[in-house]
Amino acid sequence: MQALRTAATGMAAQQMNVEVISNNIANMNTVGYKKQRAEFQDLLYQTVQQAGAQSSDQGTIVPTGVQIGAGVKAGSVYRISTQGALTSTGNQYDLAINGRGFFQVLTPTGDIAYTRAGNFSVNDQGQLVTQDGYQVQPAIAIPQDATNVTISPSGQVQVTQPSSTTPTVVGQLELASFMNEGGLSAQGGNLFLQTGASGAPITGVPGVQGFGTLMQGYTEASNVDPVTEITSLIVAQRAYEMNSKVISTADNMLQVANQVKQ
């Protein structure tokens, strides 16, 4: 009976849906995390009677026909890039992007990765790095004797040193954007890599050409809404239960058919 296989695809789809939702809930407190949503597509159809087929010698045609679906499959799991809340941290090296763009990070493999997580710090050489020690690009080096670090909304980094009362510019941060941010490949560790679907990165100074501005002493919180996720979880659970009920009903119908044959 086709209903068994159809309902099984529905259970598998809702299981994946629950996995996506659970990942969102698990990352509610992850800096810069962007929630995901699962989307589904119907499978191929078996055409029992073709719509528009001639139904008599007088030229009458079938208005709707008969098509029976084979179930559902995962179409995509896309990332929603809405702005997360900006949270004050008091750390002078923390940065939040208010608007569009990604920070650029140099990975140990030599690739440039992209992130919205701006919870930065400095390493033993004074370089601005991520929590994993990956260097932020363009490279920024903070002098050891710096008494104060100021990062402007446009990404200009200035330091104050004891030998001078005038702030010194030590670097300029840039952001990257993509034509299709949903095409980026998530690598874990709050990092993304460029793909053919995302397109090539466009880099620029914060605050110009559509890029967001930087806010020093802030980080961007996850954009996960707990109420929405719990509601989606309940809906997915009920859909899973209904598909399992279809399997149970189809099994009972097959049992009755077997008894009739006996």
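This briefing walks through the pockets, salt bridges, surface patch and backbone oddities of the structure above.

The model is a predicted one, so local features are given only at pLDDT of at least 70 and side-chain atom pairs only at pLDDT 80 or more, while totals for chains, interfaces and linings use all residues. Residues are numbered from 1 along each chain as its sequence is written, and side-chain values use heavy atoms, with hydrogens and water left out. If you want a place to start looking, try E220: it forms salt bridges with K34 and with R116.

**Pockets**

- Rolling a probe the size of a water molecule over the atoms shows where empty space is left.
- A pocket here is an open set of points on a 1 Å grid over the protein atoms alone, where a 1.4 Å probe fits and protein lies on both sides within 12 Å along at least five of seven lines; lining residues have an atom within 4 Å of a point.
- The largest pocket comes to about 190 Å³, where a volume is the space filled by probe spheres set on the points, and grid points are joined across faces, edges and corners.
- Its lining has 17 residues, and Y33, R79, G188, N190 and F192 are the ones nearest the centre.
- Strands β16 (185-188) and β17 (191-193) each give at least two residues to that lining, with β16 supplying the largest share at 3 residues. Strands (E, at least two residues) and helices (H or I, at least four) are DSSP runs, numbered from the N terminus.
- Sorted by class, the lining of the largest pocket holds 6 nonpolar, 8 polar and 3 charged residues. For this split, Ala, Val, Leu, Ile, Met, Phe, Trp, Tyr, Cys and Pro are nonpolar, Asp, Glu, Lys and Arg are charged, and the others, Gly among them, are polar.
- The second largest pocket has a volume of about 160 Å³.
- Around that second pocket sit 14 lining residues, with K34, S81, F102, R116 and E181 nearest its centre; the lining divides into 3 nonpolar, 6 polar and 5 charged.

**Salt bridges**

- The count is 5 salt bridges, each being a side-chain nitrogen of Lys or Arg within 4 Å of a carboxyl oxygen of Asp or Glu.
- E220 pairs with K34, with the closest N and O atoms 2.5 Å apart. E220 is in strand β20 (residues 218-220) and K34 in the loop between α1 (2-26) and β1 (36-42), so this pair ties together parts 186 residues apart in sequence.
- How accessible are these two partners, E220 and K34? E220 counts as buried at 0% relative accessibility, and K34 is buried too, at 6%. (Buried means under 20% relative accessible area, exposed over 50%, and partly exposed in between, using a 1.4 Å probe and protein chains only.)
- E220 also pairs with R116, the closest N and O atoms being 3.0 Å apart. R116 is in the loop between β8 (112-115) and β9 (121-122), so this pair links parts that are 104 residues apart in sequence.
- Both E220 and R116 are buried.
- Within helix α2, E241 bridges to R238 with the closest N and O atoms 3.3 Å apart. The two are 3 residues apart, which means about one helical turn between them.
- E241 is partly exposed at 37%, and R238 is partly exposed at 43%.
- Shared partners join K34, R116 and E220 into one salt-bridge network.

**Surface patch and a helix contact**

- I25, M28, I230 and I234 make up a nonpolar surface patch with about 300 Å² of accessible area together. Patch members have over 30% relative accessible area and no salt bridge, with nonpolar side chains (Val, Leu, Ile, Met, Phe, Trp, Tyr) joined within 5 Å and like charges within 9 Å. Areas come from the Shrake-Rupley method with a 1.4 Å probe, and for residues only the protein chains shown count as cover.
- I234 belongs to helix α2 (residues 226-261) and is partly exposed at 43% relative accessibility.
- S22 is in helix α1 and is partly exposed at 40%. The C-alpha atoms of S22 and L233 are 8.2 Å apart, although 211 residues separate them along the chain.

**Backbone oddities**

- Most residues other than glycine have a negative phi, and most peptide bonds are trans.
- The Q137 to P138 peptide bond is cis, with omega near -10°; P138 is in the loop between β11 (135-137) and β12 (148-151).
- N190 is not a glycine, yet has a positive phi of about 65°. N190 is in the loop between β16 and β17 and is partly exposed at 28%.
- Q209, also not a glycine, has a positive phi of about 55°. Q209 is in the loop between β18 (202-204) and β19 (213-216), and counts as exposed at 72%.
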